[in-house]
Amino acid sequence: MAWLSVVSALNHPGAFIPLDRDALLRFDMALPPTMPPKARLDHLAALERDLLADKGVRGLTVIASDQPDDTLRLLIQTDGTAPIAARVRDALRQTADARALPLTSAGRPALVLDLAAPDRQSLEIAAPAILAAIAQLPEDIPILSPMAARQAQVRFLPDQGLLRQLDLSAADLVAALQGHAHPDDHLIARIEGDDQQPLGLRSRLVASSPDAPAPNDLSFAPVALPGGGTMPLAALGRFDLEFAHLRLDRRDGLYVLPLLAAPPSAASARRVTEIAEAEVARLSSDLPGLALLPAGDTASRRAMMSDLGRALGSMLLLLIAVLYALFRSMAQVGVILVSLVFALSGGMLVLSVTGLPVSLPVLIGLILLLGIVAKNAILLIDRAQTLVARHGNMAQAVIAAASDRARPIIMTSVAMIAGMLPAALPWLEGSAFRQPLALTVIGGVAVSTLLSLVVTPVLCLMAHGAACRIMRIAPKSKALRIAHA
């Protein structure tokens with residue numbers, strides 16, 4: 001029953017950390033980085049008019065950066081109903097020249113895949129292949145990647161030998177260019193990129209002063225020499241123009257590209273992750289060093305599961321040590337440990353009936369259940385050993401112990417269930433996190449109480465019989481060894 005309950009509960013999709021439904025919808029929106037600032041404002045104004053035309057939308061807030069390639073954060077206040085949330089998602093999905101990614105109530109994407117590689121070229125090859133593989137899924141899964149478009153990047157490569165001769169450093173060159181930066185974008189050309197899409201080239205460099213004698217060209221930017229005089233920047237190196245993704249993070253010496261997705265369910269998230277891992281495995285033979293790093297909720301989930309595993313292991317070791325010190329019998333300790341399965345079967349049975357997923361509060365509830373179920377078994381076994389010491393009949397002692405301890409076990413279980421009932425109510429605030437924990441504890445306590453009064457005495461009697469047989473066999477074996485010696 002425990003195995004079937006676990007399998008049934010694991011098949012229910014859901015978030016690992018459940019959150020209450022919020023009337024505030026959060027989205028990350030990406031616009032083309034080559035779009036002029038005025039066009040971006042007009043685009044957002046038109047989007048605001050379209051969204052506010054729906055009576056279910058109460059307000060719209062846009063959080064924007066001064067960098068054109070940064071994503072926008074949209075905060076849309078709604079009436080909190082599911083139909084209006086679906087209409088808002090559809091409207092954003094159909095918005096031209098924009099890609100919107102739904103976020104969770106915590107303001108994070110539902111799924112984050114960090115694609116890492118030792119060089120940018122590997123990311124440029126792997127990212128489109130992974131996105132194309134994910135696009136083959138039947139579900140419409142919004143995906144946002146910062147590598148949607150490439151930008152022109154001017155790089156200056158100084159002649160290091162000449163710089164040493166002139167007693168100059170890279171810091172001197174940076175200081176000479178401070179007056180040439182300008183916040184306004186000036187479109188100077190449009191060319192065709194590798195994907196045949198128009199790519200705008202922008203210049204952020206102007207003369208430091210309107211009266212400056214030097215031409216309005218970065219090549220003639222004067223660099224002051226330590227010995228006096230100036231030298232044009234172009235005489236100290238060469239310029240290269242390349243198209244690259246300027247904003248890539250680095251982690252442990254690798255370039256990292258986050259792929260953000262919003263799958264509709266946990267099952268879809270698993271399929272997306274499996275497809276991405278399979279595609280990375282396929283490409284890794286041609287692109288050495290390509291890997292998927294844990295990120296977002298996946299990384300936090302692994303950390304939480306690791307912490308919970310250590311806590312559970314420490315609890316079991318401490319429990320075994322204390323029980324052996326009390327009973328001086330590994331057989332009875334084994335009975336108590338086996339009875340812990342009752343808690344797992346009860347908790348998972350409730351999840352399989354209610355359709356709730358296995359989440360963080362469920363795991364916390366299971367750890368709480370282990371202590372409660374162990375207490376029931378300890379009460380029974382301790383009473384049975386006391387009666388055996390008086391009368392010597394284990395079968396009668398086990399039956400009497402179950403009869404004597406039934407009342408305190410049932411009383412404590414009923415008190416625990418009654419205390420958890422308010423937390424199990426679904427309409428209270430914060431119920432998304434408390435309800436799974438409460439239902440797990442209620443189901444586990446109810447089932448384990450019944451099984452503890454019926455199954456634990458039988459296990460105790462079987463363990464006692466096995467221990468007696470082992471004790472009878474051990475002296476005979478010792479005597480035979482002495483006789484042969």
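**Exercise 1.** In this predicted model, determine at what angle α10 and α11 pack and how far apart their axes lie, and classify the arrangement.

*Solution.* Step 1. Helices α10 and α11 pack at an angle of about 155°, and their axes are 8 Å apart.
Step 2. Angles over 145 degrees count as roughly antiparallel. The angle therefore makes α10 roughly antiparallel to α11.
Step 3. The crossing in which α10 passes α11 is right-handed.
Step 4. In the contact of α10 with α11, 16 residues are nonpolar, three are polar and four are charged.

**Exercise 2.** Describe how α9 and α10 pack, and state which residues of the two helices meet.

*Solution.* Step 1. Helix α9 spans residues 330-354 and helix α10 spans residues 360-391. They pack at an angle of about 140°, with 8 Å between their axes.
Step 2. An angle over 145 degrees would count as roughly antiparallel, and 65 to 115 as roughly perpendicular; the rest, apart from angles under 35, count as oblique. α9 and α10 are therefore oblique to each other.
Step 3. α9 and α10 cross in a right-handed sense.
Step 4. From α9, the residues taking part are Gln332, Val335, Ile336, Ser339, Leu340, Ala343, Leu344, Met348 and Leu351. They meet Val362, Leu366, Leu369, Leu370, Val373, Ala374, Ala377, Ile378, Ile381 and Gln385 of α10.
Step 5. By class, the contact of α9 with α10 holds 16 nonpolar residues, three polar residues and no charged ones.

**Exercise 3.** State how many cavities of 30 Å³ or more the model contains, and characterise the largest cavity by its volume and lining.

*Solution.* Step 1. The count is two cavities of 30 Å³ or more.
Step 2. The volume of the largest cavity is about 50 Å³.
Step 3. Its lining consists of Leu380, Ile381, Ala384, Val398, Ala401, Ala402, Thr456, Pro457 and Cys460.
Step 4. At least two of these lining residues come from each of α10, α11 (394-420) and α12 (431-484).
Step 5. Eight residues of this lining are nonpolar, one is polar and none is charged.
Step 6. Ile381 links this exercise to the preceding one: this residue of α10 meets α9 and also lines the largest cavity.

**Exercise 4.** Identify which strand gives the largest share of the lining of the second largest cavity, and classify the lining residues.

*Solution.* Step 1. The second largest cavity encloses about 30 Å³ of space.
Step 2. Leu113, Ile134, Ile143, Leu259, Leu260, Ala261 and Val272 form its lining.
Step 3. Strand β14 (residues 254-261) contributes the largest share, three residues.
Step 4. The lining divides into seven nonpolar residues, no polar and no charged.

Key
Residues numbered from 1 in each chain as written. Predicted model: local features only at pLDDT ≥ 70, side-chain atom pairs only at ≥ 80, totals over all residues. Heavy atoms only, no water. Axes fitted to C-alpha atoms, helices over the stretch in contact; angles between N-to-C directions. Helix = DSSP H or I, 4+ residues; strand = E, 2+ residues; numbered from the N terminus. Left-handed = near helix turned anticlockwise from the far one by under 90°. Contact = heavy atoms within 4.5 Å. Nonpolar A, V, L, I, M, F, W, Y, C, P; charged D, E, K, R; others polar. 1 Å grid on protein atoms, 1.4 Å probe; cavity = no way out; pocket = protein on both sides within 12 Å on 5 of 7 lines; lining within 4 Å. Points joined across faces, edges and corners; volume = space filled by probe spheres on them.
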